[in-house]
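Reader: Could you take me through the pockets in this model, starting with the largest pocket? I'm new to this, so plain words please.

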Amino acid sequence: MKLPRWFHQLGSPPYVYRLAERLCPWLGGLGIVLLAVGAFWGLVIAPPDYQQGDSARIIYIHPQTAYIGMMAYVVMAIAAAIGYVWRLKLAHAVAVSAAPIGAWFTFCALFTGAVWGRPTWGTYWQWGDPRIMFEALLLFLFLGYLALRGAFDDRDKADRVTAILAVVGVVNIPIVHFSVEWWNSIHQGPTILRAGGPAMTNDMLVPFLIMVAAFTLTFYWLLLRRLQAEIIEREGDARWIRELVAGGAP
Amino acid sequence: MDSRARGRGRAVSEFFLMNGHGAYVWSAYGITLAVLVLNAWLARAKHQSALQRARELAAQAEVPRKQPTVRRL
């Protein structure tokens, strides 16, 4: 099997660095615009929920931040696995870059869930609710990953050991997703990705999906910026980096 | 203040009150916005400091290094 050229180029740090440089303004710009549009739509234009009233407006950020946290973990685990198997440093750099972003978004999901839970369920936090528990575990997996990295002086060793943690922990992702179907949960069941189509009317579904797109673009923007920093740190004094910093403005 | 302006003022305050759910909705959106801004700043700061370090490395490399002296055994 012959792999296409761009596939090989994705293993080349200077190529990926320049690709990120080109993509970042678009991802960031479009992400911020869509975040503003989605937030305005969700807060002002969309109707309040007929049961939950205005607290349901948190639906335009809570599932999205939770989904970004999970996606960040999957990106981290896949990148770590590729890095481990093929000893590709660039893949490890992707994994390291995804972890702090994933941790922050998972924190956001837990926070927005708590302040949504209070008016809706009468509690900020429900010990024993499977989705809340496994989402909290996701946050601790991210923090554990970062703490474990911090325990090594040698970067290559840190890459390989933390990759194992990242890959093992990925089993938590389907558990978070299916927790509302497998066990009794005070969380609602699947609303968007369900048989028979989304159980949400269009005046709520449109801002919901705009926010999904907005957070996705924003995540990849943040990821690529961190990846660029990580590449520079790992490549050290490679010639292309010397040329890069010499050619650019101070 | 004419009645129309008063009506608009009430509409705005009703919007912020969110029928009693204001504190929940606005804290959720506020924290999420704060996390987004913080993350954008962190990513940018990390990139800038990596570039700065690379510049320092490049500056060091330009200074001609002294030839290593080989000590005879």
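**A look at the largest pocket**

Author: Sure, let's start with how much room there is: the largest pocket holds about 1000 Å³ of space. Keep in mind that this is a predicted model. Its lining is made up of 36 residues. If you want to find the middle on your screen, look for A:His62, A:Pro63, A:Ala66, A:Arg131 and A:Phe208, which lie nearest the centre of the largest pocket. Several helices of chain A each give two or more residues to that lining: α3 (62–86), α4 (89–121), α5 (130–150), α7 (172–182) and α8 (202–235). Of these, α4(A) gives the most, with eight residues. And what sort of residues are they? In the lining of the largest pocket, 23 are nonpolar, 11 are polar and two are charged.

Now for the second largest pocket, which has about 660 Å³ of space. Here 21 residues form the lining, and those nearest the centre are A:Leu10, A:Gly11, A:Ile82, A:Leu88 and A:Leu90. The elements of chain A that put in two or more residues are α1 (5–9), α2 (13–45), α3, α4 and α8. In the second largest pocket, α3(A) supplies the largest share of the lining, five residues. Sorted by class, this lining has 19 nonpolar residues, two polar ones and no charged ones.

So when you turn the model around, try tracing α3, α4 and α8: they are among the elements listed for the largest pocket, and they are also listed for the second largest pocket.

Key. Residues numbered from 1 in each chain as written. Chains lettered and ligands numbered in written order. Predicted model: local features only at pLDDT ≥ 70, side-chain atom pairs only at ≥ 80, totals over all residues. Heavy atoms only, no water. 1 Å grid on protein atoms, 1.4 Å probe; cavity = no way out; pocket = protein on both sides within 12 Å on 5 of 7 lines; lining within 4 Å. Points joined across faces, edges and corners; volume = space filled by probe spheres on them. Helix = DSSP H or I, 4+ residues; strand = E, 2+ residues; numbered from the N terminus. Nonpolar A, V, L, I, M, F, W, Y, C, P; charged D, E, K, R; others polar.
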